[in-house]
Structures are given as C-alpha cells and as structure tokens.
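The following exercises are meant for a reader who meets this structure for the first time. Each task is followed by a solution in steps.

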Amino acid sequence: MSGHLLITGGAGFIGCNLADRLAGEGHRVLLLDSLVRPGVERNVAWLQERHPGLVRARIADIRDPRALIEAVRGAEGVFHFAAQVAVTSSLDDPQADLQVNLLGTANLLEAMRLHAPDAPLLFASTNKVYGGMGGIRLRAGRECYTPEDAAIAEAGFDETTPLEFHTPYGCSKGAADQYVLDYARSFGLRTAVMRMSCIYGPRQLGTEDQGWVAHFLMRALGRRPITIYGDGRQVRDVLHVADAVAAYVSAWRNIASVAGRAFNLGGGPENAVSLLQLVRHAGRVLGRPLELRFSPWRLNDQRYYVSDPRAARTALDLPPPRGWRAGVADLLTDLALRDRAPYDHADATALSA
C-alpha cells in the first residue's frame, strides 16, 4: 500500500478521529494497532464503514520492527500515537512501558530513517514531560488552584518550561519525545512533537487511568459515583479532539516550517477547568447533582497544568479552540446516544431533545 498515511495506534481515540478526517478528505489511511485495548476494534469497524476502500488496518505491535518497515514503505506521512498511555500502568509494569513507548518509538524512527526518510512524522507526546510542576506556587480556591505568578495564570506554560521526567511513563514518553526531535537534528528526518494536554471528544473510551473527561461523563450518565484522586481542585486545559486533529493535519502539511520543533497542544487558559468545575457543569447539563468520592492523591499528579498554546496556534495557523462547556455538553449527548442502553433513558432523551 503506497501513497498512504500511516497512523500508529490508529484504532485509538485520537488516531481514529484523525483517520476519519484524513479519509474524509480522500486520503488512503493505514492503521497500525495491536488492538489490545478493549473496544478499539469498534473504531476500526466504524472507520471502514464510513470510508469504504480508504481505511485499512494492520494488526501489529509497535515493538515489531518488521511490521513497522512494511507499514512505512510508501508512506506520505506518519502520525505516531501508539503508546502505553497510563501513569498507573507504567508503575505496575515499567519494563512494558519502556518497551512500548521508548523502544517502539525508536523502532519507528529507524524504520523511517532507512525506508521512508522523506515522510513527515508527527509524534504524540504529553505534558507529563514537564514533571509534577511542584515548584509552582499556587493559591487554593474553593473549586480550583490558581498560580500566584500572574504571567503563568494569564498564559500557561510554554515550550521553554524545563523538562523534568517523573514516573516510568514520564520517562519513557519524555525520552521518546527527545529521540523524535534528535532524529530531525542528527538525521534530517522531518519530525515534530505535540506535547498534549487533556484531549476529549467523541469515541473516547475513558477509564480511571486515562481519558478522565469521558470517564467522568460515562459515570455520570450511568448514575455511578465518580472517584476523584486528590481534592478535585487540580486544573487542566482541555482541548476538543477536532481541534487536536486540526493541529496534526496542519503540522503534516506545513512540516517544512515546523520540523524539529515541539509544541504544547492544549485548550489554553480559556479552556482551563478543574475536576470539580467540570463535574458541576456536567451535573448542570444533566439536571441533577453527581455523586463524588475522594481518594488519596496519585503519584506525580500535577496540581495545575495549563498549556500556553500560542506557539502552536501561530505556527500552524489554528483558529480559537472550541469552548469546553459546549464541548462537554456535546460529548454527553454523544455518549448518551451511542451507548444508550447502559444509561438512564431520561438522560438520553433530554440530551437529544
């Protein structure tokens, strides 16, 4: 399959949304995915039904160098999402985390260096490369933390923020992030890195360990208690997946001007929200209070992280992102209508009205 766009981890949340956008524009897309996460096979079926003949899936592991060589040959662009995505899983099995996130990325880079040196590579990194942000002085409000530094509160953290890898997940993703950038410096590969904050939207299979926005909303729709680790005042900037996809597509098309760069990709200060604020908004949309339970803080959980997205918006010519309140309300509707059976019928009816 030549003249295709390769998406590793393409059956996952962001990967399948990106594939939908690219196939919708007429591109041939190859998904490379191990399908180890329960439920992602439904994303493959959904894509192939929507785009007959344009989306092909190769079931393979990112740790398999031969599969990667076959996948990159003839590729006109590579979007690398395949990863072990949970801090908790990295603590349970740091060797597997290392092999998937770092060695898998190294396998892909070598395959491209030798067999597809002209293809752009866009890598999905994480804000966890900046560590726990424990040195940031914060004020604790009733529902959220706020930085004492007015500049951080106004703009968020930019790409000059010092790297500080914590937990096996942070180390493996951070090292992979640096390898991707160095293959641009050392070998001339056309690579760029997206250090993503919290992405949410349709087709997200949220769990306690990853995809917290969708997880909270699914618990709310199922009238089940939501567990918050910490006090709920921790703040993240959330970005709708359609806006994230637009950034990846723009980076691919403009790789000549952004190669070798890393960008903080998030909703920015205008989309900064605490866990408590998001739960309260979801309850308001559903018209009922949501049950919360609290557990101890998790290791390396950032009390406050908000991306400064100005570099990405300027370099990639991105429009203002979707507001989080409207995005969360729409995701509630999507979840209620997609998986109506497990949820309360009145919720699904009210949200679709």
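**Exercise 1: A loop residue, Arg224**

Arg224 is found in the loop between helix 8 and strand 10 (226–229), where helices (H or I, at least four residues) and strands (E, at least two) are DSSP runs, numbered from the N terminus. This is a predicted model, in which local features need pLDDT of at least 70 and side-chain atom pairs count only at pLDDT 80 or more, while totals for chains, interfaces and linings use all residues. Residues are numbered from 1 along each chain as its sequence is written, and side-chain values use heavy atoms, with hydrogens and water left out.

Task: Determine whether Arg224 is buried, partly exposed or exposed, and which residues Arg224 touches.

Solution.
- Step 1. Buried means under 20% relative accessible area, exposed over 50%, and partly exposed in between (1.4 Å probe, protein chains only).
- Step 2. Arg224 has a relative accessibility of 38% and therefore counts as partly exposed.
- Step 3. Contact means heavy atoms within 4.5 Å. Not counting residues up to four places away in sequence, Arg224 touches Met218, Arg219 and Glu291.
- Step 4. Ala326 is 102 residues apart from Arg224 along the chain, and their C-alpha atoms are separated by 23 Å.

**Exercise 2: The protein as a whole**

Task: Describe the protein by its secondary structure, its radius of gyration and its burial.

Solution.
- Step 1. The protein contains 14 helices and 15 strands.
- Step 2. The radius of gyration is taken over C-alpha atoms, and the globule rule is 2.2 Å times the number of residues to the power 0.38. For 353 residues, a compact globule would have a value near 20 Å; the protein has 20 Å, so the two agree.
- Step 3. Along the principal axes, the C-alpha atoms fill a box of roughly 55 × 45 × 40 Å.
- Step 4. Of the 353 residues, 54% are buried.
- Step 5. Among contacts with a separation of 6 or more, 82% are between residues 24 or more positions apart.

**Exercise 3: Strand 12 and its partner**

Task: State which way the residues of strand 12 point, and how strand 8 runs beside strand 12.

Solution.
- Step 1. In strand 12 (residues 262–265), Ala262 and Asn264 point one way, and Phe263 and Leu265 point the other way.
- Step 2. In a regular strand the side chains alternate between the two faces of the sheet.
- Step 3. Each of these residues, on either side, is buried.
- Step 4. Two strands pair if DSSP finds at least two bridges between them. Strand 8 (residues 191–196) is joined to strand 12 by 4 bridges, and the two run parallel.
- Step 5. Met194 stands opposite Phe263 in strand 12.

**Exercise 4: Positive phi in two loops**

Task: Give the phi of Arg203 and of Asp317, and decide whether each is buried or exposed.

Solution.
- Step 1. Most residues other than glycine have a negative phi, and most peptide bonds are trans.
- Step 2. Arg203, in the loop between strand 9 (198–200) and helix 8 (212–221), has a positive phi near 70 degrees.
- Step 3. Because its relative accessibility is 16%, Arg203 counts as buried.
- Step 4. Asp317, in the loop between helix 12 (310–316) and helix 13 (324–338), has a positive phi near 55 degrees.
- Step 5. Because its relative accessibility is 68%, Asp317 counts as exposed.

**Exercise 5: Three buried residues**

Task: Locate Gln302, Ala119 and Ile199, and list the contacts of each beyond four places in sequence.

Solution.
- Step 1. Gln302 lies in the loop between strand 14 (292–295) and strand 15 (304–305). With 0% relative accessibility, Gln302 is buried. Its contacts are Asn127, Lys128, Gly131, Gly132, Met133, Gln234 and Arg236.
- Step 2. Ala119 lies in the loop between helix 5 (94–115) and strand 5 (121–126). The relative accessible area of Ala119 is 4%, so Ala119 is buried. Ala119 is in contact with Ala75, Glu76, Gly77, Met112 and Arg190.
- Step 3. Ile199 belongs to strand 9 and, at 9% relative accessibility, counts as buried. Ile199 touches Phe13, Ile14, Gln204, Leu239, His240, Val241 and Ala244.
- Step 4. From C-alpha to C-alpha, Ile199 and Phe165 are 21 Å apart in space and 34 residues apart in sequence.
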